[in-house]
Amino acid sequence: MAIELTETNRSALRARYRAERDKRLRPDGNEQYLEPSGRFANLLDDTYTAPFERDAIDTDVTVLVVGAGFAGLVIGARLKQAGIEDVRLVDKAGDVGGVWYWNRYPGAMCDTAAMVYLPLMEEVGTVPSAKYVAAPEIHAHARRIADTFGLYDGALLSTGIESIIWDDAISRYVVRTDRGDVLRAKFVCMGTGPLHRPKLPGVPGIHDFAGHAFHTSRWDWAYTGGDPTGAPMTGLADKRVGIIGTGATAVQCIPHLSRSAKELLVFQRTPSAIDERNNHPIDREWFAALESGWQRKWMMNFATLQMMGFAEEDLVKDGWTDISQRIRDRMIELIGAGGTAGPETLLRAYEESDDEKMSEIRARVDALVGDARTAEALKPWYRQLCKRPCFHDEYLQSFNNPNTRLVDTDGQGVERIDATGVWVGGVHHELDCLVIASGFEVGTSYSRRSGYDVTGAGGRALSDKWEEGMRSLHGIHVHGFPNLLIVGIAQGANQIANVPQNYVENGLAIAGVVAHAERTGAARVEPTLEAEDAWVDFITSTQRGLRANPDCTPGYYNNEGRPMGRRELLNGSGHPAGPIAFFEHLESWRSTGEFAGLEFTA
Ligand code: NDP
């Protein structure tokens with residue numbers, strides 16, 4: 001679908017984008033969302049695992065890993081590979097899997113190709129069924145990692161952390177849990193992930209709704225009928241169902257709700273950009289013929305192309321690599337026509353490629369949605385990376401089903417909720433069931449999201465140290481917090497299109513540091529303040545990333561449209577030259593065995 005864009009319609013597009021953004025900007029930003037409380041307090045509970053009693057334990061451990069999602073599992077596996085046997089995972093969930101444990105809504109699947117998304121596939125022998133795989137298959141892979149590396153042994157599941165406090169006298173963290181456990185951990189790895197605390201839309205009256213309501217991350221299968229593998233939700237056959245939110249989660253579950261509910265009302269504040277999915281099965285013979293080491297090659301190829309780099313072949317070839325390759329190709333074109341190879345040309349290439357891509361995405365809505373008014377309302381008017389890009393081959397068509405209606409709020413969101421339903425633009429919509437697809441806390445403080453703090457040397461809390469923004473060496477080590485290892489994406493590769501790759505690569509460095517400490521008898525490992533400062537200066541020296549554009553419509557990618565201050569810059573930074581540069585840097589840093597910037601003390 002080639003779209004001809006002239007200077008005139010480009011500037012009209014800019015004006016439309018700004019107008020749509022302005023409509024949505026609100027002074028309360030992140031503060032608009034509500035924490036689960038009152039009738040929604042149970043949203044933080046684990047509804048998937050039956051409660052059980054166990055005796056509290058009091059013990060020493062070499063490495064305690066907080067979180068048993070892909071972050072914790074990959075770090076656990078890397079530690080075991082490095083010969084560290086005494087590893088304990090702790091998670092409030094009843095099983096490993098993290099977001100893939102909690103998110104069991106119908107249609108849940110990963111938008112990133114399984115070949116690069118599922119970590120450690122070669123190590124555990126997973127063969128993906130398709131290019132993109134569904135949540136149960138991803139959860140099964142997580143369990144396989146735990147089995148393969150013996151990570152269920154000693155794991156404390158259905159266990160919440162209450163405090164993590166460094167004790168200088170014993171050079172260990174004393175970790176207490178909500179089951180009365182006391183664990184003295186030589187090292188603590190924090191693999192808590194970015195998207196685990198559900199949030200509620202800040203709609204007046206939300207607590208008054210008397211019908212059935214639940215958040216997508218705690219899908220109520222007992223009420224809806226069906227199951228996560230796709231069995232029909234017969235419990236909804238006589239129900240008028242409403243869903244608030246049209247982000248990546250809602251896009252995946254709406255086709256299923258549309259198939260099952262008597263009536264479905266989709267309350268939309270901002271439409272998502274829906275590109276094509278094009279899923280297909282993986283040929284087992286082709287897969288079996290892949291050479292050893294294929295997965296790292298695929299991951300690096302994806303990261304290279306997704307960040308506008310060059311590679312002979314696009315192995316994954318999807319919507320993530322498409323946009324950056326368009327930018328790269330446009331950049332070459334502009335330079336060929338006399339442009340300079342600098343940031344101005346890059347920005348122009350980005351803008352033009354993005355205009356083209358988003359025009360195609362809007363044309364796709366027209367092609368797939370029958371009703372012209374509904375189609376118009378489903379069109380996204382912003383740059384693709386302002387919000388999480390979505391990929392789906394059935395979502396838009398759902399609005400052609402006679403039982404499914406889009407209730408567009410023109411950027412304002414749901415007005416209010418009462419006992420019987422939802423109000424939008426002065427119109428009341430009666431509902432039996434309200435599905436809340438409003439996402440997870442992202443911009444709030446670390447201690448608020450986790451419910452506890454980490455206390456380092458001298459009694460300083462991590463939330464205090466990071467009050468003005470994260471500070472670390474490589475996004476892993478924090479001065480003042482000996483033996484604490486952060487397992488995340490920020491201040492490292494910041495590879496958001498394939499989050500597990502951050503863990504796979506960082507895990508090698510983390511395991512290398514722990515193994516070195518164990519080998520040399522070091523009791524304490526900590527980055528110097530100079531090394532931490534130098535790293536923070538380095539990663540904040542150049543603004544990377546095109547998504548923090550001030551013209552962006554609000555969302556969690558851009559601090560809900562609020563100005564990006566120093567704190568947001570620090571929390572969202574990565575290596576200025578991108579993920580590949582960071583992974584290469586980390587590999588050479590660990591390979592020398594010197595771990596420059598870290599102090600190992602006996
Ligand atoms: P999001 O935060 O992306 O979406 C929340 C939705 O709720 C938005 O559409 C938002 O509108 C809407 N909303 C919030 N408040 C209101 C209101 N008052 N009235 C009406 N609508 C409202 O959450 P998701 O759970 O969809 O996704 C979270 C993240 O999880 C994704 O960005 C992605 O990273 C990850 N994910 C990944 C998947 C994968 O394939 N790997 C699949 C699913 C999720 P608005 O846009 O206007 O703010």
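Here is a short conversation about strands, one loop residue and salt bridges in a predicted model.

Trainee: Let's begin with the sheet. In what order do the three strands of the open sheet come?

Mentor: Take the pairs one by one. Strand 12 (residues 416-417) is joined to strand 13 (residues 421-424) by two bridges, and strand 13 pairs with strand 14 (residues 427-430) over four bridges. Both pairings are antiparallel, and the order in the open sheet is 12-13-14.

Trainee: Which strands stand at the edges of that sheet?

Mentor: An edge strand here has a single partner strand, so one side of it is left without a neighbour in the sheet. That description fits strand 12 and strand 14.

Trainee: Which residue of strand 13 is the bridge partner of I417?

Mentor: It helps to look at the neighbouring position too. R416 stands opposite W423 in strand 13. For I417, the bridge partner is V422.

Trainee: Which residue has a positive phi in the turn between strand 13 and strand 14?

Mentor: Two hairpins are worth a look here. Strand 12 connects to strand 13 through three residues, while the hairpin of strand 13 and strand 14 has two residues between them. Next to that second turn, V424 stands opposite V427 in strand 14. The turn residue with a positive phi, about 55 degrees, is G425.

Trainee: Moving to a loop, is S158 buried or exposed?

Mentor: S158 sits in the loop between helix 6 (135-148) and strand 3 (161-167). Beyond its neighbours within four places in sequence, its contacts include T49, F52, D91 and R179. Buried means under 20% relative accessible area. The value for S158 is 18%, so S158 counts as buried.

Trainee: Now the charged pairs. How many salt bridges does the count come to?

Mentor: Side chains of opposite charge can pair when their charged atoms come close. The cut-off applied is a side-chain nitrogen of Lys or Arg within 4 Å of a carboxyl oxygen of Asp or Glu. By this rule the count is 44.

Trainee: How many residues apart are D355 and R14?

Mentor: These two form a salt bridge, with their closest N and O atoms 2.7 Å apart. Both D355 and R14 are buried. D355 belongs to helix 12 (residues 343-368) and R14 to helix 1 (residues 7-24), which puts the two at a separation of 341 residues.

Trainee: In the pair of E518 and K186, which residue counts as buried?

Mentor: Their side chains meet in a salt bridge at 2.5 Å, N to O. E518 lies in helix 16 (residues 499-520) and K186 in strand 5 (residues 182-190), so the pair ties together parts that are 332 residues apart in sequence. E518 is partly exposed at 32% relative accessible area. At 14% relative accessibility, the buried residue is K186.

Trainee: Which residue forms a salt bridge with R259?

Mentor: R259 is in helix 8 (residues 248-260), and its partner is in the loop between strand 10 (390-391) and strand 11 (404-408), 135 residues apart. R259 counts as exposed at 53% relative accessibility, whereas the partner is partly exposed at 38%. With the closest N and O atoms 3.0 Å apart, the partner is E394.

Trainee: One last thing: which residues are linked in a network of salt bridges?

Mentor: The network brings together acidic and basic side chains, with R326 and E333 among them. The full list is D275, D322, R326, R330, E333, R348, E352, E356, K357 and E360.

Conventions: Residues numbered from 1 in each chain as written. Predicted model: local features only at pLDDT ≥ 70, side-chain atom pairs only at ≥ 80, totals over all residues. Heavy atoms only, no water. Pairing = 2+ DSSP bridges. Buried < 20%, exposed > 50% of the residue type's maximum accessible area, 1.4 Å probe, protein only. Contact = heavy atoms within 4.5 Å.
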